[in-house]
Amino acid sequence: MDAGRTPWLPEGLDPPAPILSCVNLNKSYIPARPVLHNLNISLTGGKIVGLLGPNGCGKSTLLKLVSGILVPDSGTIEVCGVPQSEATNALISFLPERTYFNSWMRVEQLIEYFSDFFADFDEAMARKMLSDLSIDTSAKLKTLSKGNKEKVQLVLVMSRRAKLYLLDE
């Protein structure tokens, strides 16, 4: 066997390009106290990957960097082989750890918002999942239980036809 060949890959095929690549990624919120220091990671698509670690080790920071919410101090991020930019941010569907929807909004308004804002949003898929979960789209968020609010957020994020899904907690 060729020493440089990936053992699971059939002969003659190149390994897939990483869906996410971070090289020498650094981020500090306080000078001289890095949250991420020279992080290197390369992930291929078609997998579910979990980030595990103690509080404050940089898991959420990494997701925010990859999704374009934060800017790294140094290092590079590539999504689908392309340097991070507004174009690559459109390939990512991100669910933050905290809700970011206004509680006065109805689920129906959130569906319309996502449909208007994200070209890859599949409204029919969202409506089907919400129906399967028995969530009333005419309900205001403030009337839903914590669990149902979380389900609405998850349904909206997962109803995008994104290349990379990032779910924080």
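Among contacts in the chain between residues at least 6 apart in sequence, those joining residues at least 24 apart make up 61%. The structure described here is a predicted model.

**The chain as a whole**

The chain contains 5 helices and 6 strands. Read from the N terminus, its elements follow the order β-β-α-β-β-α-β-α-α-α-β. The C-alpha atoms fill a box of roughly 60 × 45 × 30 Å along the principal axes. Of the 169 residues in the chain, 31% are buried. The exposed area of the chain is about 10,600 Å², and carbon and sulfur atoms supply 56% of that area.

**The packing of α3 and α4**

Two packed helices are described by the angle between their axes and the distance between the axes. For helices α3 and α4, the angle is about 155° and the axes lie 10 Å apart. Angles over 145 degrees count as roughly antiparallel, and α3 and α4 are therefore roughly antiparallel to each other. The crossing in which α3 passes α4 is right-handed. The residues that make the contact are listed below for each helix.

| Helix | Residue range | Residues in the contact |
|---|---|---|
| α3 | residues 107-117 | Val-107, Glu-108, Ile-111 and Ser-115 |
| α4 | residues 123-132 | Glu-123, Arg-127 and Leu-130 |

Sorted by class, the contact of α3 with α4 comprises 3 nonpolar, 1 polar and 3 charged residues. The nonpolar residues are Val-107 and Ile-111 of α3 and Leu-130 of α4. Ser-115 of α3 is the polar residue, while Glu-108 of α3 and Glu-123 and Arg-127 of α4 are charged.

Notes
Residues numbered from 1 in each chain as written. Predicted model: local features only at pLDDT ≥ 70, side-chain atom pairs only at ≥ 80, totals over all residues. Heavy atoms only, no water. Axes fitted to C-alpha atoms, helices over the stretch in contact; angles between N-to-C directions. Helix = DSSP H or I, 4+ residues; strand = E, 2+ residues; numbered from the N terminus. Parallel < 35°, antiparallel > 145°, perpendicular 65-115°, else oblique. Left-handed = near helix turned anticlockwise from the far one by under 90°. Contact = heavy atoms within 4.5 Å. Buried < 20%, exposed > 50% of the residue type's maximum accessible area, 1.4 Å probe, protein only. Areas by Shrake-Rupley, 256 points an atom, 1.4 Å probe, with all protein chains shown as cover.
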